[in-house]
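Q: Got a minute to walk me through this one? I'd like the fold first, then the contacts.

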Amino acid sequence: MKRTLAVSIALYIALFLIPLLTAGQFPLLEGGREPSPPPQAEPEAGAPPVPADSSAAESPSPSPEPSASPEPPEPAVSPPADAGASISVLTDGSVREMTLRDFICGAVAAEMPALYPEEALKAQAVAIRTFALYALEHPYHRDAPLCGNWECCLAFSPLEERAADWGGQYEELAGRIRAAADQTDGVVIYYAGEPIEAVFFAATDGRTRSAAEVWGTDVPYLQSVGSAFDTDFPDGARGHGVGMSQYGARQLALAGLSYEDILQWYYTGVEVRQIPYEN
Ligand SMILES: [Zn+2]
């Protein structure tokens, strides 16, 4: 990244990303509906995604942040990264600025059922954080880096607005969403030293699709990988099939994988680590 993402990350959201990006997703599914019982993930589905090009993963990354932190070293607890960064999101025709944390919570709630397993929610939170940072460098829209329209960039609406839908379950479900964001605070998916375009979709038919296959452009970390358990998804394949399968993430989490494992399953040859925030 040319600029240090750290700087008071004013994420401007603008994307038309892949128009197909979230096509097929169903933001309405998050109503708190508990998914059907976990069919155990097939063992062989565990074949680790082949690193398309391991050499590239280590390619020269621009020297990270030149430790220009004037403030004294804070002991034990570091300041929350997401809460200290801001991002502009295009929603309903206007640009709204909010903290990265609020954006992530609202987007995770809009993109994934709140009752999905914790590790799946964390994988979703990290994918959304990464997508936002990617948009900062590669805006999808003119007035903001990205928008909250699921048919364009990704689904978003303030977490507080879920209160009406979730009713008495609001505190519990909102708590699950916030935990996923906070427990992965500042964690980002990198490829060759840069945040990736972390696209995702609802479910596929047994394998994901490569970016080359669907969009005609090869992206090293968006290759086709196995996702056999997706065939259990009640509504069939939904979405473009590129990147992380949300239902697949659920199944892998139920099978015991961590969010890092899930992300590395779906995004080939990536690194999952803390971003060097400079708050
Ligand atoms: Zn958009």
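A: Here is a quick tour, from the overall make-up to the strands and then the helix contacts.

Q: Where does the model come from, experiment or prediction?
A: This is a predicted model.

Q: How many helices and strands does the protein have?
A: There are 8 helices and 9 strands.

Q: And what percentage of the residues is buried?
A: Buried residues are 49% of the 279 in the protein.

Q: What share of the contacts links residues 24 or more positions apart?
A: Counting contacts with a separation of 6 or more, 79% join residues 24 or more positions apart.

Q: Let's do strands. Is E5 mostly covered or mostly open?
A: Mostly covered. E5 spans residues 187-191, and 5 of its 5 residues are buried.

Q: Which residues sit on which side?
A: Val 187, Ile 189 and Tyr 191 are on one side of E5, with Val 188 and Tyr 190 on the other. Both faces are covered. As a rule, side chains in a regular strand alternate between the two faces of the sheet.

Q: Which strands does E5 pair with?
A: One partner is E9, residues 271-274, joined to E5 by 4 bridges and running antiparallel. Val 187 has Gln 274 of E9 as its bridge partner. E5 also pairs with E6, residues 194-195, over 2 bridges in the antiparallel sense. There, Tyr 190 stands opposite Pro 195.

Q: What links E5 to E6?
A: A hairpin, with 2 residues between the strands. Ala 192 in that turn has a positive phi of about 50 degrees.

Q: So what is the strand order in that sheet?
A: The order is E6-E5-E9, in an open sheet of 3 strands with antiparallel pairing. E6 and E9 are at the edges with a single partner strand each, so each has one side without a neighbour in the sheet.

Q: What lies across those strands?
A: Helix H3, residues 118-137, lies across E5, E6 and E9. H3 runs at about 60 degrees to E5.

Q: Switching hairpins. How do E2 and E3 pair?
A: Antiparallel, through 6 bridges. E2 is residues 86-91 and E3 is residues 94-99. Val 89 stands opposite Arg 96 in E3.

Q: What is in the turn there?
A: There are 2 residues between E2 and E3. One to look at in the turn is Asp 92, with a positive phi of about 45 degrees.

Q: Helices now. Is H7 mostly covered or mostly open?
A: Mostly covered. H7 is residues 246-254, and 8 of its 9 residues are buried. The buried ones are Gln 246, Tyr 247, Gly 248, Ala 249, Arg 250, Gln 251, Leu 252 and Ala 253.

Q: What covers them?
A: The cover includes H3, strand E7 (200-201), strand E8 (244-245) and helix H8 (259-266).

Q: Which residue just after H7 has a positive phi?
A: That is Gly 256, with a phi of about 100 degrees.

Q: Back to H3. How does H3 cross H7?
A: Their axes come within 7 Å and cross at roughly 140 degrees. That angle makes H3 oblique to H7. The crossing is right-handed.

Q: Which residues make the contact?
A: H3 brings Glu 119, Ala 120, Ala 123 and Gln 124. H7 brings Gln 246, Ala 249, Arg 250 and Ala 253.

Q: And by class?
A: The contact of H3 with H7 has 4 nonpolar, 2 polar and 2 charged residues.

Q: What about H2 and H5, what angle do they cross at?
A: Roughly 125 degrees, with the axes coming within 9 Å. H2 is therefore oblique to H5. H2 covers residues 100-111 and H5 residues 170-182.

Q: Left-handed or right-handed?
A: The crossing of H2 and H5 is right-handed.

Q: Which residues meet there?
A: From H2, Arg 101, Ile 104, Cys 105, Val 108 and Ala 109. They meet Ile 177, Arg 178, Ala 180 and Ala 181 in H5.

Q: How does that contact divide by class?
A: The contact of H2 with H5 has 7 nonpolar, no polar and 2 charged residues.

Methods
Residues are numbered from 1 along each chain as its sequence is written. This is a predicted model: local features need pLDDT of at least 70, side-chain atom pairs count only at pLDDT 80 or more; totals for chains, interfaces and linings use all residues. Axes are lines fitted to C-alpha atoms, for helices over the stretch in contact, and angles run from 0 to 180 degrees between N-to-C directions. Angles under 35 degrees count as roughly parallel, over 145 as roughly antiparallel, 65 to 115 as roughly perpendicular and the rest as oblique. A crossing is left-handed if the near helix is turned anticlockwise from the far one by less than a right angle, and right-handed if clockwise. Two residues are in contact if their C-beta atoms, placed from the backbone, lie within 7 Å. Ala, Val, Leu, Ile, Met, Phe, Trp, Tyr, Cys and Pro count as nonpolar, Asp, Glu, Lys and Arg as charged, and the others, Gly among them, as polar. A residue is buried if 20 or more other C-beta atoms lie within 10 Å of its own, exposed if 12 or fewer, and partly exposed in between; C-beta atoms are placed from the backbone. Two strands pair if DSSP finds at least two bridges between them.
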